[in-house]
Amino acid sequence: MLEIKNLHAAVDGKEILKGLTLSVGIGEVHALMGPNGSGKSTLSYVLAGREGYEITQGSVTYGGKDLTAMKPEERAAKGIFLAMQYPVEIPGVTTLTFLKTALNAQRRARGDSELDAMSVLKLVRQKAAALQVSEEMLKRALNVGFSGGEKKRLEILQMALFEPALAILDETDSGLDIDALKLVADGVNALRAPDRAMLVITHYQRLLNFIVPDRVHVLADGRVVAEGGKELALELEAKGYAHFMREPA
Amino acid sequence: MSVVADTQEQVAALGEKYKYGFVTDIEMDRAPKGLSEDTVRFISAKKDEPEWMLDWRLAAYRRWREMTEPNWARLNYPKIDYDDAYYYAAPKGSEGPKRLDEVDPKLLETYKKLGIPLSEQMVLAGVAVDAVFDSVSVATTFKEKLSEAGVIFCPISEAIRDHPDIVRKYLGTVVPVSDNFFATLNSAVFSDGTFVYVPKGARCPMELSTYFRINASQTGQFERTLIVADEGSYVSYLEGCTAPMRDENQLHAAVVELVALEGAEIKYSTVQNWYPGDENGLGGIFNFVTKRGDCRGARSKISWTQVETGSAITWKYPSCILRGDDTVGEFYSIAITNHYQQADTGTKMIHLGKNTRSRIISKGISAGKAQNTYRGLVSVHPRAVNARNHTQCDSLLIGSKCGAHTVPYIESRNASARIEHEATTSKIAEDQLFYCLQRGISPEEAVALIVNGFCKEVLQQLPMEFAVEAQKLVGISLEGSVG
């Protein structure tokens, strides 16, 4: 469903992705690993359509269509969800208000009827319990004063609510202790579905003990330098990134 | 569920540019063009005013002739030709208030377009509207219910005839005839407005509301509002404003006076949506308004809340004179400027009494090529022992061609005063916008959402039914501010 071919992308004129090729099939869970500065987050922003991330060469298709021609909000409505490494605070906007606004914007774009406040609340409550997202959290301003764990749980709650076809999880494990990590991973695993692909971006193998991928890709200097099954992550853990970076892709 | 949530989707649904830009075609009864003693006499005669009122107006007119237009505000506008305007315009055949079913259906149609429920819905909404159409109040509702509580709520022209003692006692005592250029002009030519008197110990049974609307072209609107809350009483008053779209600039110079006697409380809310001009800065209302409240008695309280989204030029400083001991003044403001709009707005808190407290929360939002200035004075006089003020002044910029300015004046002549001033200036962060887009929210809806969040503390001060309208306005007035 996602086909990335020879992708080159630059930020502020500096090339970060240098010929990245990657493909994710429907319902597959892929892990993307790599050291700092290898281009992991850049790839997630390019896929989400963030301003300032310029594609200079190559192609990205999603469901057979040119993804790069779509606006960020269109991509979201078409089922691309990015769980961010640093979820953003929006003061004065309650979490529930934000969830309702986003959910209805996506529904509108898909031609579905909008949900009223009570229906949204019911739906959110259903999903929130398993992620230990409290009513009180929903009433607070979006991400304002949230702990690292709360922010990440809220990201996964949004994933549950929006039911994306492709979820990109950008370093969802960063800043989490083991209990928080397990909670988040359980949430993600509960959302695994035959029609939902995931691209799990992580620095460490640790997360992949909990979210077991179908495929693993190793990214270094803007290119995929190694690919394999879940055992590749263990090999990487044992040998370190340096070992893979010496090998040509 | 919060009101914000309920209205976010409506922001997007309201895709129109200036929704209220229609003109009602009704025959108008006008004063001759220009400003002279004859104009003043004409207006006074039309209103069937007593001699003292005419004398008051003429004194104001003569004073005004000697005054010069102030130029200290951070505003840029072409010189106003005061002789090239009409100072009185009223729908023909509607002098004096009428019953609702006698009102010209075209007028009612206008109100309907504005979304003012002048019918049975009014009872349900619990809002009494004294609708000012240009200069004459044409429909006043719910007088009976109010009079049961002893509340007088009527056009000021009627009050001058029917309640001359109260009007004479208070008119011009908060904003004197010679106060400033625009207030003095208003004193000479004010055509109508609202009068409210709440008797001792009464709690006004409903929110009082007036919609002003400038309809006739080339007509200045000079309404005059006087609200008197007698000892221990409470009243909440709302005004909403819209004006049709026209190429020329129109002048609006209103005066509002509030008097709160011992233990009384007045809450005054404004949603101002006069025509702001087009995206190139053509047309729009020049809004020069003097609003002032006097906490005359001990333990009284006056609270101003304003949402200013319209007008090409806004010059407005709703103020509180904290005269009585233990009095409280509040000013909550949202001022949004887009395209070529300019706003110079703020407040004055004058602490005269002991243990007086004031609170200022100002949220300025600037987009396009607009300029937005907060100008505020906190003044503590020698007798004002233990005066307290807290000022919070936040500016939000959208885009890189607009400006936000904060001009606080602080004067303290009593060592026991405690005055706090906090100010922030921020931009809508790119990461906030991206986060919203990634969740499927369009750029315009995202801006409306973020700005409504930014303004929340002020929006919360508005009565429920107006908060919804105000939130929609926030979204509409910022349309086209992000690409």
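Two strands count as paired if DSSP finds at least two bridges between them. With that in hand, let's walk through this predicted model, starting at a small pairing in chain A. Strand β7 (residues 90–94) of chain A meets strand β8 (residues 141–142) of chain A over two bridges, and the two run in the antiparallel sense. Look for I90(A), which stands opposite L142(A) in β8(A). β7(A) is also mostly covered, with four of its five residues buried.

Now turn to the open sheet of chain A. Six strands build it, and reading across gives the order β6-β9-β10-β3-β11-β12, with mixed pairing. At the edges sit β6 (80–83) and β12 (223–228) of chain A, each of which pairs on one side only. From one strand to the next, the twist averages 20°. As a general reminder, strands of a sheet pair through backbone hydrogen bonds, either parallel or antiparallel. A parallel example here is strand β3 (residues 29–33) of chain A, which is joined by five bridges to strand β10 (residues 197–202) of chain A. To find your place in that pair, start from A31(A): its bridge partner in β10(A) is V200(A).

A helix rests on this sheet as well. Helix α6 (residues 148–162) of chain A packs there, touching β6 and β9 (166–170) of chain A, and its direction makes about 170° with that of β6(A).

From α6(A), the eye can move on to helix α7 (residues 178–190) of chain A. How are the two helices arranged? They pack at an angle of about 5°, with their axes 10 Å apart. Angles under 35 degrees count as roughly parallel, and α6(A) and α7(A) are therefore roughly parallel to each other. On the α6(A) side, the contact is made by G149(A), K152(A), R153(A) and I156(A), while α7(A) brings A180(A), L183(A), V184(A), G187(A) and V188(A). Sorted by class, this contact has five nonpolar, two polar and two charged residues.

Finally, step out to the neighbouring chain. Here 29 residues of chain A are in contact with 24 residues of chain B. Strand β7, where we began, returns at this point: along with α2 (72–77), α3 (95–109) and α4 (117–128) of chain A, β7 supplies at least two residues of the side of chain A that touches chain B. Which element gives the largest share of that side? α3(A) does, with nine residues. By class, the side of chain A that touches chain B has 17 nonpolar, seven polar and five charged residues.

Notes. Residues are numbered from 1 along each chain as its sequence is written. Chains are lettered from A and ligands numbered from 1 in the order in which they are written. This is a predicted model: local features need pLDDT of at least 70, side-chain atom pairs count only at pLDDT 80 or more; totals for chains, interfaces and linings use all residues. Axes are lines fitted to C-alpha atoms, for helices over the stretch in contact, and angles run from 0 to 180 degrees between N-to-C directions. Two residues are in contact if their C-beta atoms, placed from the backbone, lie within 7 Å. Angles under 35 degrees count as roughly parallel, over 145 as roughly antiparallel, 65 to 115 as roughly perpendicular and the rest as oblique. Ala, Val, Leu, Ile, Met, Phe, Trp, Tyr, Cys and Pro count as nonpolar, Asp, Glu, Lys and Arg as charged, and the others, Gly among them, as polar. A residue is buried if 20 or more other C-beta atoms lie within 10 Å of its own, exposed if 12 or fewer, and partly exposed in between; C-beta atoms are placed from the backbone.
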